[in-house]
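Here are a few notes to read alongside the model, with some extra attention to one of its elements. I hope they help as you look around.

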Amino acid sequence: MEVLLAIMVGTLYASGIYMILRRSLVKLIIGIILLGNGANLLIFLLGRIAKGSPPIIPGDSKVFLEAYSDPLPQALILTAIVISFGLQSFAIVLVKRAHKVVKTDDLDEMNATDEYS
C-alpha cells in the first residue's frame with residue numbers, strides 16, 4: 001500500500017510541475033492543485049498507515065502498547081486543505097480578472113501587452 005501511495009505522490013508532483021511550466025494560466029492553477037494534493041498525500045504517507053487503530057490510550061495505562069494512527073499528520077492535512085483551497089480560489093479569481101482585462105490566458109501574450117515607460 002505504501003509503495004502505491006509513493007508512486008501516486010511522485011505522479012502528482014511530476015504532473016503538477018509539468019502543468020506549472022506550461023504557458024497557460026489555467027494549467028498553472030491545475031498544476032498548483034496537483035502539487036497541493038501531492039503534498040497532502042505525502043504528509044499522510046509519512047504519518048504511517050495503521051488501519052483500525054485510533055490513537056486512544058486506555059484508562060488503566062499511561063503509554064500506547066501497540067501501533068496506532070498518529071493524529072498530527074491528519075491535522076496537518078486538514079490545515080493544508082483549507083490553505084490550498086484559499087490559494088486556489090484566489091488564483092482563480094485573479095486569472096478570471098486578468099483574462100477579462102487582457103483577453104488571453106497565455107503568459108507570453110500577457111507580457112506583450114505590458115507598457116514600458
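1. Overall fold. In this predicted model, the protein chain holds 4 helices and 0 strands. Followed along the sequence, the pattern reads α-α-α-α.

2. Burial and surface. The protein chain has 117 residues, and 21% of them count as buried. About 8,800 Å² of the protein chain is exposed, with carbon and sulfur atoms supplying 69% of that area. As for contacts with a separation of 6 or more, 53% come from residues 24 or more positions apart.

3. Helix α2, its span. You may like to start your tour here. Helix α2 runs over residues 25-46, which makes 22 residues. From its first C-alpha to its last it reaches 32 Å, close to the 32 Å expected at 1.5 Å a residue.

4. The two ends of α2. At the N-terminal end, Ser-24 acts as a cap for α2: one of its side-chain oxygens lies 3.3 Å from the backbone nitrogen of Val-26. Beyond the helix, α2 is followed by Arg-48, which has a positive phi, near 65°.

5. What is buried in α2, and what covers it? The buried residues are Leu-25, Ile-29, Gly-31, Gly-38, Asn-40, Leu-41 and Leu-45. Their cover includes α1 (2-20), α3 (71-102) and α4 (107-112). When you look at the spacing in that list, it helps to recall that an α-helix has 3.6 residues a turn, so residues three or four places apart point the same way.

6. Leu-21, buried or exposed? Leu-21 sits in the loop between α1 and α2. Its relative accessible area is 62%, and because the cut-off for exposed is over 50%, Leu-21 counts as exposed. Its C-alpha atom is separated by 8.5 Å from that of Gly-31, a residue 10 positions away along the chain. Gly-31 itself is among the buried residues of α2.

7. The UniProt annotation. An unreviewed UniProt entry places the feature "transmembrane region" at residues 6-21, 28-50 and 75-95. How do two of these spans look in the model? Residues 6-21 are 94% helix and 0% strand, with their end C-alpha atoms 23 Å apart. Residues 75-95 are 100% helix and 0% strand, and here the end C-alpha atoms lie 30 Å apart. Please keep in mind that the positions of these regions come from the UniProt record, while the helix content is computed from the predicted model.

Notes:
Residues are numbered from 1 along each chain as its sequence is written. This is a predicted model: local features need pLDDT of at least 70, side-chain atom pairs count only at pLDDT 80 or more; totals for chains, interfaces and linings use all residues. Side-chain values use heavy atoms; hydrogens and water are left out. Helices (H or I, at least four residues) and strands (E, at least two) are DSSP runs, numbered from the N terminus. The expected span of a helix is 1.5 Å times one less than its number of residues. Buried means under 20% relative accessible area, exposed over 50%, partly exposed in between (1.4 Å probe, protein chains only). Contact means heavy atoms within 4.5 Å. A polar contact is a pair of N or O atoms within 3.5 Å; within protein, one must be able to donate a hydrogen and the other to accept it, and residues adjacent in sequence count only if both atoms are side-chain atoms. UniProt positions are given in the numbering used here, feature names are shortened, and annotations may be inferred rather than shown by experiment. Accessible areas come from the Shrake-Rupley method with a 1.4 Å probe; for residues, only the protein chains shown count as cover.
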